[in-house]
Each structure stands twice: as C-alpha cells, then as structure tokens.
Amino acid sequence: MGNRTIPWFSQSYPTQVLTVAALCVAAYVCCLNNGFISDDYENLRLAEALKSDFWYLFKSPPFNFRMTSFLAYALLDQVFAQHYEFFYAANILLHLINCLLLWKLLLVLGRPTGEAYLASILFAVFQAPQEGVMWIAAMNETLLGSFILSTLVLWFSGQYFVGAIVLLLALFSKESAAIVLLLIPLIRWYRGEKVFTPQMIPLFVPTLIFIAVFVWSWPANGMIQLGVYQLAPHGIVVAGRTLHLLFRPSFYVVLGLLAATRQWQSLRSLPKFLLWIVVPMLPYSFLTYSPYIPSRQLYMSSMVLVSVMAYLIGQCEQPRIQLALVIAFLAYNISYMWIRNDPEFESRAAPTTQLLALLTSHQPAPILLEGFPYPNDIAKNVSRFAPGWTRDLIHVNEPPGSCRSCVTLRWDAGSKKYSGLWGAYFTAPAPRDTLSPQG
C-alpha cells in the first residue's frame, strides 16, 4: 500500500509525526490521574534500594531481568518524586517512540510508506496491549518493545554490533527478548533470503551473557521454582484463547469485509500472518496464572497485528472504505480506553490511593488494615509517600486483637471503600478484568 492509495494522509513528515503523537495522547491521557497502583509501590521500593546497591536485584531473580525498568523507576523517582503523572507521561512518550520505531522498521523491511505509517497510527491507539502503557509497573513491556524494535532496525540497517549492544539491554528488560533470535531468521526466510548469516554472530555475545546469568540465577528464580512458568501443552490453549481476544472485533471486521467483497487473494497469506502474530507471544503462552495472556504481554504481538491490518486495509479497493475502517478503528479503541479501561485502573488503584489519602490526613499511629486485597508489603510501602508514617505502623490482615493499639480500617471489596474508627469513607467504581485483551 503506497501513499497514493491513502490520499487522506498528509504527505508532510512533521505533520505525520504530530498526528501519531496526538493519537497517543488522545488514547492514553486519561490515565494521568490514576495514581500508583498495587505493584507500583513495591517496584518503587526496589528501585530505591537499587540506588545504594546496583546488584540488589540479582538477589531476587527474575527482577534482575527487569533491570532497565527499575533504572527508569529510580530516575523518574529521583526527578519527579511522588508525582505519578510524570511516570505515566514517560510511559506514554515511550509508547510514542515505539510507534515511530515500528514505522521505521517496516520501512527498513521494504514495506510501502503508506502501509508503514498506517501501522504506526493503528498501534498508537490499539487498546489490546493497553496495560503496558496504562500501568507503571508494566513499563518493562514498553521498554522491551523499544529495545527489540531498535535491535531489528539497527540489524536490518547493517549496524550489527550496535544492534547487539541494544539486544543486551532488551534481554535485561525482560527474558522474552530472546525471541529476537527467532525473529531475524524468520524475517529473512519470509523475504526469500538465507536464513542464517555470519552477521548474526554478534547477537550471540549478549545472548550468552543472558544465558549465563539465567542459569546462575535458576535456583532462586521464583517464576521457575514456583511453577509460574511451565513448558506444557496448556500453552497451545492459552495462545488460541488469546488470539481470539486479540482479534475481536477489529481484525475480524477487516477479514469479514475482505471476504464479503470476495477479495480472496488478499486472504491467502492469512496463515503466515497468524504465525507472525503468534511468534512474539510464545514466551508468554506457558505462564500458568491465567487462561489467556495478560494484555501487557501482548505489546509486541499487537505491533505485528496492526502491521497486518495496515496491509489488509490497503487491499480494500475503495479509498472511502479504507478511511471508514481507519476512523472506526480509531474511534472504537480510543473510546474503549476511556470508557472501559481507565475506570478499571482507577478501581485497581482505589485500595492504595484511598489508603494514602487516609494516611496523609491523619497523624501517624498504628493501624490495622482488614480485607486489604494486595500483598501486605504493598500497603506498608504506601507509607513511603505519607510524611511521618513508617512501614512498622501499618499492620495488614492480622488476626483481630493482635494489635490492640491499632486503629482498624476495613476494605470492603463490594462497596469499594474503607470504613473504621477514623470515620473516613472513600468510594471507587467496581473492578473489572483488566487483563482481558479485548478489542
């Protein structure tokens, strides 16, 4: 699909970049006021410890393979302290960079200019991987996306050694970065080139470093030892369910339109497209804590999906139909983000944001939290943001009477509010499943 098939796109590069930026903001600006959510508090505590002991995370694998995100948390915390708005803004900016990198990668791989640009526009607002952008604790996925895209752009541009350095950063953003070693041969195979080439040798240096650290930390890796990750047949079912959730409704609409207009030639490559979408989700298919892959972990697969959709939309013969599909996609995904996803994150943040409001409005004193829905340390970590409060003052889900001097506060999961002797009541919307990658 070249620019001539999409005359409604501006031909000015600065205008195109501003358009992608505006769409990223339109989709995700709603999350700026959501506050820190559950694991955010624990991650900030770990980031604080990292400032005094760089090797601290290697004592608690697999956190050592999230090093770049903890460094980002430490930097943001140092500069912006408790201002969570800047954490969200940084993640939205990172998402914008990834949209531009996806655009660049498709051009480097020889895709038409209009198709590459359209893919970046669709990815800017695609809500399926929204958790990766709307949850600070999931910044490792956006960082991973940046480093993987950069590795591919550099490698296919002939900058093999620089690409290998960036791959090392990717591998210490998340273990799934190893998928690059499968993506490059697959891309070369798809393009009819020799699958393996000597230029891949530099990539094995960071890979060997990663393998050595992974094997060394294996006995202490909770993901492995606690059975959170298991290579088993259930991965096939998980991948199948996730594909359905990822495709609905947008991908199904495009396929249905092409089938209805009898453009069978455009659908002949569908099996290959499915393969490309599945490959980035393979490392996540064997997680055992969910019947489908959580939305944050669909960040890379979503890039492939929108690239496929950009190609398929370009196969529609009528520019008006193309425009209608793009407008419908943008409107649906942005509105879904604001109407469905944002309230979900506000609800998830409610137990901690309301607790913080209570702490900051009262003098420090021992308190007992009953019915707190997150791990105990998260409630204790909230004290870091309340002047005068310390972790030892907060008791969580302990037996009644265990702290006779404590003020008791109860979290009611149904009404979504605290009640207790302080007489403070805060309300929040009922929670929904934020892991579902629908849309």
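A crossover between two strands is called right-handed if, with the strands pointing away from you, the path from the first strand over the helix to the second runs clockwise. Keep that picture in mind for this predicted model, where strand β1, helix α18 and strand β2 make a right-handed β-α-β unit. Helix α18 covers residues 376-382.

Let's look at how those two strands sit together. Strand β1 takes in residues 367-370 and β2 takes in residues 394-396, and they pair in the parallel sense over three bridges. If you want a spot to click on, try L368, which stands opposite H395 in β2.

Strand β1 has another neighbour to meet. Four bridges join β1 to strand β3, residues 407-412, and this pair is parallel too. Here L369 is the residue to find, as it stands opposite L409 in β3.

Now follow the chain from β3 into β4. These strands are joined by four bridges as well, but they run antiparallel. R410 has S419 in β4 as its bridge partner. The two strands form a hairpin with four residues between them, and in this hairpin K416 takes a positive phi near 60 degrees.

Put the pieces together and you get an open sheet of four strands, in the order β2-β1-β3-β4, with mixed pairing. At the edges stand β2 and β4 (417-420); each has a single partner strand, so one side of each is left without a neighbour in the sheet. Ignoring direction, neighbouring strands of this sheet are turned by 25 degrees against each other on average. As for what holds such an arrangement together, strands of a sheet pair through backbone hydrogen bonds, either parallel or antiparallel.

Let's leave the sheet and go to a helix. Helix α10 spans residues 201-217, and L208 is found in it. Is L208 buried or exposed? L208 counts as exposed because its relative accessibility is 57%, and the cut-off for exposed is over 50%. L208 also has company: together with I201, F204, I211 and V215, it makes a nonpolar surface patch of about 490 Å². To see the patch for yourself, show the side chains of those five residues and colour them as one group.

Definitions and conventions: Residues are numbered from 1 along each chain as its sequence is written. This is a predicted model: local features need pLDDT of at least 70, side-chain atom pairs count only at pLDDT 80 or more; totals for chains, interfaces and linings use all residues. Side-chain values use heavy atoms; hydrogens and water are left out. Patches are made of residues with over 30% relative accessible area and no salt bridge: like charges are joined within 9 Å, nonpolar side chains (Val, Leu, Ile, Met, Phe, Trp, Tyr) within 5 Å. Accessible areas come from the Shrake-Rupley method with a 1.4 Å probe; for residues, only the protein chains shown count as cover. A salt bridge is a side-chain nitrogen of Lys or Arg within 4 Å of a carboxyl oxygen of Asp or Glu. Buried means under 20% relative accessible area, exposed over 50%, partly exposed in between (1.4 Å probe, protein chains only). Two strands pair if DSSP finds at least two bridges between them. Axes are lines fitted to C-alpha atoms, for helices over the stretch in contact, and angles run from 0 to 180 degrees between N-to-C directions.
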